[in-house]
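Work through the exercises below with the sequence and the 3D view open. Try each task before reading its solution.

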Amino acid sequence: MEALREVEAELTVYVHPSNAADVPRAVSRQLSGLLFSYEERFDGVLLAHEAQLVDEDNKENATKEKDKKEAKIEEETEAKSKKKPKILKAKILNGLVPFFGVRVHANLLLFSPQPGMLLEGKVEMLGKESIHAVVLGVFSVAIMSDDIHEKFRFKRKSHGGRFLSRSDREHFIKRGTMIRFSVKSVDTEMNCHITGSLIPPHTGSMRWLSVHDAEYASEISSRWIQASKESRMNKNTEYSRMKIAW
């Protein structure tokens, strides 16, 4: 999904002295407290994190480790990730409660929707005036009647109704339909509440688009090929490890 992005960040996490016996756990708890909330410093909603404490007295090794990671040398990277780096320095904050700052190298998964992006969501509720959906099962989307293409007309039925295309009766949107829409605006104060639109091209029911929209069908095919390659690579890696272990 276009709005998902992975970033690397150098952070300073402030830990209470009472947690000094298990700093990694305290850092993880601090970062987990930010999950599923919009953070301006990250320009997105934090969905997942993986943090490693930084050894202040061995920055050269940390740089080398980063270079190896970027070069995708998986075995060496995994071997290093199992080692717990030592924390040899920490800054103490003056005050009544002397928190200490811990340097952290973190890999973050963020949800950062921007106007113009094409996203996918599941319709939860709809009526003549609007369609309401969720993205990733968490983030709410509202598509008002002015942003629904004129080719769709609302047809009310006993189970709640549906939007039906005037040109193709197989293209419809009802409760439970997976839709592709364009981001019109994002309200970060409401934890990334999205206002969407079904007017731009390549939007509508994902099921219908996968058959009748060449660009979207090609995108799905590319995703499937990439996923298959990654799956085969993971299986080959696991097989190689089993042979080495044997």
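The exercises that follow concern a predicted model.

**Exercise 1. The nonpolar cores**

Task: Find the largest nonpolar core and say which strands supply at least two residues each.

Solution:
- Start with the size. The largest nonpolar core has 25 residues.
- Next, pick out its best-connected members. F111, L119, I131, I143, F163, I173 and F181 have the most contacts inside it.
- Now turn to the strands. At least two core residues each come from β3 (44-53), β6 (118-127), β7 (130-135), β8 (139-144), β9 (152-155) and β12 (178-187).
- Zoom in on I173. Leaving out residues up to four places away in sequence, I173 touches V123, L126, I131, F152, R162, F163, I179, L198 and S205.
- Finally, look for another core. A second, separate one has 18 residues, including A9, A26, L53 and V104.

**Exercise 2. A stacked pair of rings**

Task: Classify the aromatic pair of F111 and F139 as stacked or edge-to-face, and locate both residues.

Solution:
- A search of the whole structure gives two aromatic pairs. F111 and F139 form one of them.
- Check the geometry. The ring centres are 4.3 Å apart, with 15 degrees between the planes. Planes under 30 degrees apart count as stacked, so the label is stacked.
- Place the residues. F111 is in strand β5 (residues 100-111), and F139 is in strand β8. They are 28 residues apart, so the pair links distant parts of the chain.
- Check burial. F111 is buried at 0% relative accessibility. F139 is buried too, with a relative accessible area of 2%.

**Exercise 3. R41 and its partners**

Task: What does the charged end of R41 sit over, and which side chain meets R41 in a salt bridge?

Solution:
- Take the ring. The charged end of R41 sits over the ring of F42, 5.8 Å from its centre.
- Take the salt bridge. The side chains of R41 and E39 meet at 2.9 Å, N to O.
- Compare the two ends. R41 is exposed, at 62% relative accessibility. E39 is buried, with a relative accessible area of 12%.
- Look for another charge over a ring. The charged end of R162 sits over the ring of F172, 4.6 Å from its centre.

**Exercise 4. Salt bridges across the sequence**

Task: Which parts of the chain does the D147 and K184 salt bridge tie together, and which does the E219 and R180 salt bridge?

Solution:
- The structure holds four salt bridges. Two of them are treated here, beginning with D147 and K184.
- The closest N and O atoms of D147 and K184 are 2.8 Å apart. D147 lies in the loop between β8 and β9 and K184 in strand β12, so the bridge joins parts 37 residues apart in sequence.
- D147 is buried at 9% relative accessible area. K184 is partly exposed at 47%.
- Move on to E219 and R180. Their closest N and O atoms are 2.8 Å apart. E219 lies in helix α5 and R180 in strand β12, so this bridge ties together parts 39 residues apart in sequence.
- E219 is partly exposed at 27% relative accessible area. R180 is buried at 5%.

**Exercise 5. The surroundings of Y216**

Task: Is Y216 buried or exposed, and which residues does Y216 touch?

Solution:
- Locate Y216 in helix α5 (residues 214-245).
- Read the accessibility. Y216 has a relative accessible area of 1%. Buried means under 20%, so Y216 is buried.
- List the contacts. Beyond residues up to four places away in sequence, Y216 touches E120, R180, M206, L209 and S210.
- Add one distance. The C-alpha atoms of Y216 and H202 are separated by 6.8 Å, and the two residues are 14 apart along the chain.

Terms used
Residues are numbered from 1 along each chain as its sequence is written. This is a predicted model: local features need pLDDT of at least 70, side-chain atom pairs count only at pLDDT 80 or more; totals for chains, interfaces and linings use all residues. Side-chain values use heavy atoms; hydrogens and water are left out. A nonpolar core is a set of buried Ala, Val, Leu, Ile, Met, Phe, Trp, Tyr and Cys residues joined through side-chain atoms within 4.5 Å. Buried means under 20% relative accessible area, exposed over 50%, partly exposed in between (1.4 Å probe, protein chains only). Helices (H or I, at least four residues) and strands (E, at least two) are DSSP runs, numbered from the N terminus. Contact means heavy atoms within 4.5 Å. Rings of Phe, Tyr and Trp (its six-membered ring) pair if their centres lie within 6.5 Å; planes under 30 degrees apart count as stacked, over 60 as edge-to-face and the rest as tilted. A charge sits over a ring if NZ of Lys or CZ of Arg is within 6 Å of the ring centre and within 35 degrees of the ring normal.
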